[in-house]
Amino acid sequence: YTKFDKPHAETSETVSITLQHAALSMFVTSFTTAAAFYANYVSNITAIRCFGVYAGTAILVNYLLMVTWLPAVVVLHERYLLNIFTCFKGPQQRPYNKKSCWNVMCQKVQELLFAVSEASRIFFEKVLPCIVIKFRYVWVFGFLAITIGGAYIVCVNPKMKLPSLELSEFQVFRSSHPFERYDAEYKKLFIFERVHHGEELHMPITIVWGISPEDNGDPLNPKSKGKLKLDSSFNIASPASQQWILNFCQKLKNQTFY
């Protein structure tokens, strides 16, 4: 619904009829989009959960503003603000010759904008519906072909694989893909992953004394690992050090992972 249907109708009437036709469609599209974002709440990643809640809420709030605040502002703008601005306009004076080019340019720009607006209105009101209706069989078979292609990719090649005993994670790509190689191959090489899956294994722990906790490598060079620096104040032969190591080992044996 546009002003071209009823040129002399008031803005409030135009906005009311527009909302009657478009409010429900806008709600359906906003609700489905928000529901898709809210579905991210089931993820185990906190950042994705927060993003889903934020995006879904933002879409619903945007819908509320579009059907309440924006129509009210449009009606108030035409009813009050335009009259206020016209009061401050003085009598039009005859422009000087040096400004005639500027006036002609502004007029040309306005005509161009009006032509673009008319072209877009004609396209969306007449051309686009005609394309959709005339080529309806092309659209149907085209999207059907896309659906068949997607089903082939999911079910045949590379084929999505459901979780199994061998691979507990949901597989999207083939096992040789870099994104899947950790779950398919490398995970078994890490003891903490094997313990997490119920294997009775003990993780080896290496404890080092006499080394100063200092990182002297180049932070801008990933290949620079630095050098070990011995702690000159450490003496393992002293009675105090022996007693501390004995107490530490006794506490270590009392832990559940020992």
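Guide: Before we begin, UniProt positions follow the numbering used here, its feature names are shortened, and its annotations may be inferred rather than shown by experiment. This is a predicted model, in which local features need pLDDT of at least 70 and side-chain atom pairs count only at pLDDT 80 or more, while totals for chains, interfaces and linings use all residues. Residues are numbered from 1 along each chain as its sequence is written, and side-chain values use heavy atoms, with hydrogens and water left out.

Visitor: Happy to start there! How many helices and strands does the chain have?
Guide: Helices here are DSSP runs of H or I with at least four residues, strands are runs of E with at least two, and both are numbered from the N terminus. Read from that end, the elements go α-α-α-α-α-α-α-α. The count is therefore eight helices and zero strands.

Visitor: Where does UniProt place the feature "transmembrane region"?
Guide: The record, an unreviewed entry, gives more than one span. Residues 20-39 are 95% helix and 0% strand in the model, with 30 Å between the end C-alpha atoms. Residues 51-72 are likewise 95% helix and 0% strand, and their end C-alpha atoms lie 31 Å apart. The full set in the record is 20-39, 51-72 and 137-155.

Visitor: What share of the residues in the chain is buried?
Guide: A residue is buried under 20% relative accessible area, exposed over 50% and partly exposed in between (1.4 Å probe, protein chains only). The chain has 258 residues, and the buried share is 10%.

Visitor: What share of the contacts with a separation of 6 or more comes from residues 24 or more positions apart?
Guide: A contact means heavy atoms within 4.5 Å. Among contacts in the chain with a separation of 6 or more, residues 24 or more positions apart account for 28%.

Visitor: Where is the kink in α4 centred?
Guide: Helix α4 covers residues 100-134, 35 residues in all. From first C-alpha to last it reaches 49 Å, close to the 51 Å expected at 1.5 Å a residue (1.5 Å times one less than the number of residues). The bend at a residue is the angle between axes fitted to the seven residues ending there and the seven starting there. In α4 there is a kink of about 40 degrees, centred on Phe123.

Visitor: Which type of aromatic pair do Phe37 and Phe51 make?
Guide: Rings of Phe, Tyr and Trp (its six-membered ring) pair if their centres lie within 6.5 Å; planes under 30 degrees apart are stacked, over 60 edge-to-face and the rest tilted. The whole structure holds eight aromatic pairs. For Phe37 and Phe51, the centres are 5.7 Å apart and the planes stand at 80 degrees, so the pair is edge-to-face.

Visitor: Which parts does the pair of Phe37 and Phe51 tie together?
Guide: Phe37 is partly exposed at 25% relative accessibility, and Phe51 is also partly exposed, at 47%. The pair ties together parts 14 residues apart in sequence, because Phe37 lies in helix α1 (residues 11-38) and Phe51 in helix α2 (residues 46-67). The answer is α1 and α2.

Visitor: Why is the pair of Phe123 and Phe124 edge-to-face?
Guide: Phe123 is partly exposed at 36%, whereas Phe124 is exposed at 53%. Their ring centres lie 5.2 Å apart, and the pair is edge-to-face because the planes are at 80 degrees.

Visitor: Is Lys227 buried or exposed?
Guide: Lys227 sits in the loop between α7 and α8 (239-253). Its C-alpha is 8.1 Å from that of Asp215, twelve residues away in sequence. With a relative accessibility of 70%, Lys227 counts as exposed.
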